[in-house]
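Visitor: I have a structure open on my screen and would like to learn how to read it. Could you walk me through a few features?

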Amino acid sequence: MSSMLSDRVMDWAALEDTHSSGTYVKRDVQIVRGQGATLEDAEGRRYIDCVGGQGAANLGHGHPAVLEAIRAQSAELITCPELFHNPVRARYQAALCEAAGMARVYLCNSGAEAVEAALKAARLATGRDGFVATMRGFHGRTLGALSFTWERHYREPVGPLLMSTVTHVPFNNVERLAAALNDTIAAVIVEVVQGEGGVHPAEAGYLRAVQDLCRANGSLLIVDEIQTGFGRTGTLFAYEQDGIAPDVLCLAKSMAGGLPVGAALLAETVPALPPASHGSTFGGNPLACAAGLAVLDVLQNTDLIERARTRGEAVRDHLRANLPGSVARDVRGRGLMIGIELRGRVAPVLSALQARGVLALPAGKTVLRLLPPLVITDDELWQAVDTVEETLSDAAE
Ligand SMILES: *Cc1c(COP(=O)(O)O)cnc(C)c1O
């Protein structure tokens with residue numbers, strides 16, 4: 001009896017804060033379960049999820065195809081280092097390469113690791129050590145990936161960084177990139193829509209120009225689709241809309257229905273990595289590969305990606321027409337990756353949305369970012385949009 005009581009009144013949030021490293025600043029809510037685009041807290045309150053696992057939940061929560069893949073594979077074999085061949089990994093690597101039009105894939109467990117692998121691949125392929133990244137770009141938090149991440153608050157407290165050979169140029173500026181390229185540059189790394197940096201899409205023609213400059217300079221083009229991949233922007237990969245073919249493609253987040261998986265894919269023109277030049281114990285584990293196969297299958301055989309395109313456009317058009325100019329400066333994005341640039345800080349808006357049953361993300365201090373699962377129903381989506389509109393209209397008064 002007493003243990004039941006203490007379980008009920010236990011302050012899990014305080015317990016979590018006591019033992020957590022301290023790096024994460026948490027919101028005042030305990031999420032305990034999810035279904036589709038709905039999340040539920042410990043008190044049974046429901047929320048429309050526009051956080052989407054920070055980009056990891058494109059298929060939503062509890063997707064039956066993902067659950068079944070995990071269930072079946074976990075009974076078969078969960079771990080199998082790449083010392084051995086494994087048929088599930090073989091099928092997943094082939095399916096992923098075919099979907100992305102790439103030749104090879106290195107599997108890992110997170111976005112930052114995918115970026116690290118891409119950087120190594122570029123140095124090994126070119127024999128050069130320099131890199132160009134973009135201002136406001138975000139590529140992860142390991143010391144290597146962090147060197148490419150623009151925002152100072154991520155970098156300065158933990159400097160000096162390992163990479164002294166990274167130049168940052170303004171995003172969507174072809175001339176500044178051209179000026180930064182020379183025969184020391186192994187690769188240029190770029191997002192298709194800058195996510196953490198404020199939801200800034202590449203302008204028409206920009207990535208084509210980046211690709212042409214890279215080719216002329218003998219540098220690789222690394223495209224970071226960790227946030228934009230897997231249908232988020234209305235195509236399986238966002239770069240398809242820009243008519244380019246990356247040399248290296250970084251993926252993670254929604255690859256495997258929320259399991260921790262990342263990948264660096266190499267084009268036919270990029271040499272395979274030399275034996276033993278890189279590796280990861282968990283990389284390519286059969287559980288992740290089975291979930292990844294299920295995700296690709298769902299995305300390729302349903303209308304979720306097309307829905308992301310049409311619903312995203314409709315939401316942006318609606319918000320542009322209806323948000324008061326006194327609170328919103330701009331509405332941007334592609335597909336169901338939506339950014340609303342506010343005139344003030346986003347933090348109070350996030351709290352007000354949470355109180356009204358919508359969980360959303362910031363992207364920097366002034367941008368409200370919506371990354372709903374692609375399985376969100378039209379009712380849920382428009383309810384979330386109405387709530388955003390009401391909240392911002394109240395803020396305008
Ligand atoms: C989230 C993200 C990363 C880092 O991924 P982690 O899994 O958090 O290491 C890298 N690049 C982009 C574009 C991202 O959105």
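Visitor: Let's start with the hairpin of S1 and S2. How many residues are between the strands, and which residue takes a positive phi?

Guide: Keep in mind that this is a predicted model. Two residues sit between the strands in the hairpin of S1 and S2, and Gly 36 has a positive phi near 60 degrees there.

Visitor: In which sense do S1 and S2 pair, and over how many bridges?

Guide: The general idea is that strands of a sheet pair through backbone hydrogen bonds, either parallel or antiparallel. Here S1 and strand S2 (residues 38-41) are antiparallel, with four bridges. You can check the register yourself: Gly 34 is opposite Leu 39 in S2, and Arg 33 is opposite Glu 40 in S2.

Visitor: What is the order of the strands in the open sheet?

Guide: The four strands run in the order S1-S2-S3-S15, and their pairing is mixed. At the edges are S1 and strand S15 (358-359), each of which pairs on one side only.

Visitor: You mentioned Glu 40. Which residues are linked with Glu 40 in a network of salt bridges?

Guide: Start from the general idea: side chains of opposite charge can pair when their charged atoms come close. In this case Arg 33, Glu 40 and Arg 46 form a network of salt bridges. Within that network, the side chains of Glu 40 and Arg 46 meet at 3.9 Å, N to O.

Visitor: Is Glu 40 buried or exposed? And what about Arg 46, buried or exposed?

Guide: Glu 40 has 16% relative accessibility, so it counts as buried, the cut-off being under 20%. Arg 46 is exposed, with a relative accessible area of 58%.

Visitor: How many salt bridges does the structure hold?

Guide: There are 16 salt bridges in the structure. One of them joins the side chains of Glu 16 and Lys 26, at 3.8 Å from N to O. Glu 16 belongs to helix H2 (residues 12-19) and Lys 26 to the loop between H2 and strand S1 (31-35), so this pair ties together parts that are 10 residues apart in sequence. Glu 16 is partly exposed at a relative accessible area of 43%, and Lys 26 is partly exposed at 41%.

Visitor: Which salt bridge partner does Glu 196 have, and how far apart are the closest N and O atoms?

Guide: Its partner is Arg 369, and the closest N and O atoms of Glu 196 and Arg 369 are 3.0 Å apart. This pair links distant parts of the chain, 173 residues apart: Glu 196 is in the loop between strand S8 (193-194) and strand S9 (200-201), while Arg 369 is in strand S17 (residues 367-370). Both Glu 196 and Arg 369 are buried.

Visitor: Let's stay with that loop between S8 and S9. What is unusual to look for in the phi of Val 199?

Guide: Val 199 has a positive phi of about 55 degrees, although it is not a glycine. Its place is in the loop between S8 and S9, and Val 199 is buried, with a relative accessible area of 0%. Gln 54 is another residue to inspect: it is not a glycine, yet it has a positive phi of about 60 degrees. Gln 54 lies in helix H3 (residues 52-55) and is partly exposed, with a relative accessible area of 45%.

Visitor: With which side chain does the side chain of Glu 341 make a polar contact?

Guide: The side chain of Glu 341 contacts that of Arg 332 at 2.8 Å. Glu 341 is found in strand S14 (residues 337-342) and is buried, with a relative accessible area of 18%.

Visitor: Finally, pockets. How much space lies in the second largest pocket?

Guide: The general idea is that rolling a probe the size of a water molecule over the atoms shows where empty space is left. The second largest pocket has about 700 Å³ of space. It is lined by 27 residues, and the closest to its centre are Glu 82, Gln 93, Val 105, Tyr 106 and Leu 107.

Visitor: Which elements supply at least two residues each to that lining? And what is its make-up by class?

Guide: Helix H5 (87-100), strand S4 (104-108) and strand S12 (262-266) each give at least two residues to the lining of the second largest pocket. By class, that lining has 16 nonpolar, eight polar and three charged residues.

Technical notes:
Residues are numbered from 1 along each chain as its sequence is written. This is a predicted model: local features need pLDDT of at least 70, side-chain atom pairs count only at pLDDT 80 or more; totals for chains, interfaces and linings use all residues. Side-chain values use heavy atoms; hydrogens and water are left out. On a 1 Å grid over the protein atoms alone, a cavity is a set of points where a 1.4 Å probe fits but cannot get out, and a pocket is an open set with protein on both sides within 12 Å along at least five of seven lines; lining residues have an atom within 4 Å of a point. Grid points are joined across faces, edges and corners, and a volume is the space filled by probe spheres set on the points. Ala, Val, Leu, Ile, Met, Phe, Trp, Tyr, Cys and Pro count as nonpolar, Asp, Glu, Lys and Arg as charged, and the others, Gly among them, as polar. A salt bridge is a side-chain nitrogen of Lys or Arg within 4 Å of a carboxyl oxygen of Asp or Glu. Buried means under 20% relative accessible area, exposed over 50%, partly exposed in between (1.4 Å probe, protein chains only). Two strands pair if DSSP finds at least two bridges between them. A polar contact is a pair of N or O atoms within 3.5 Å; within protein, one must be able to donate a hydrogen and the other to accept it, and residues adjacent in sequence count only if both atoms are side-chain atoms.
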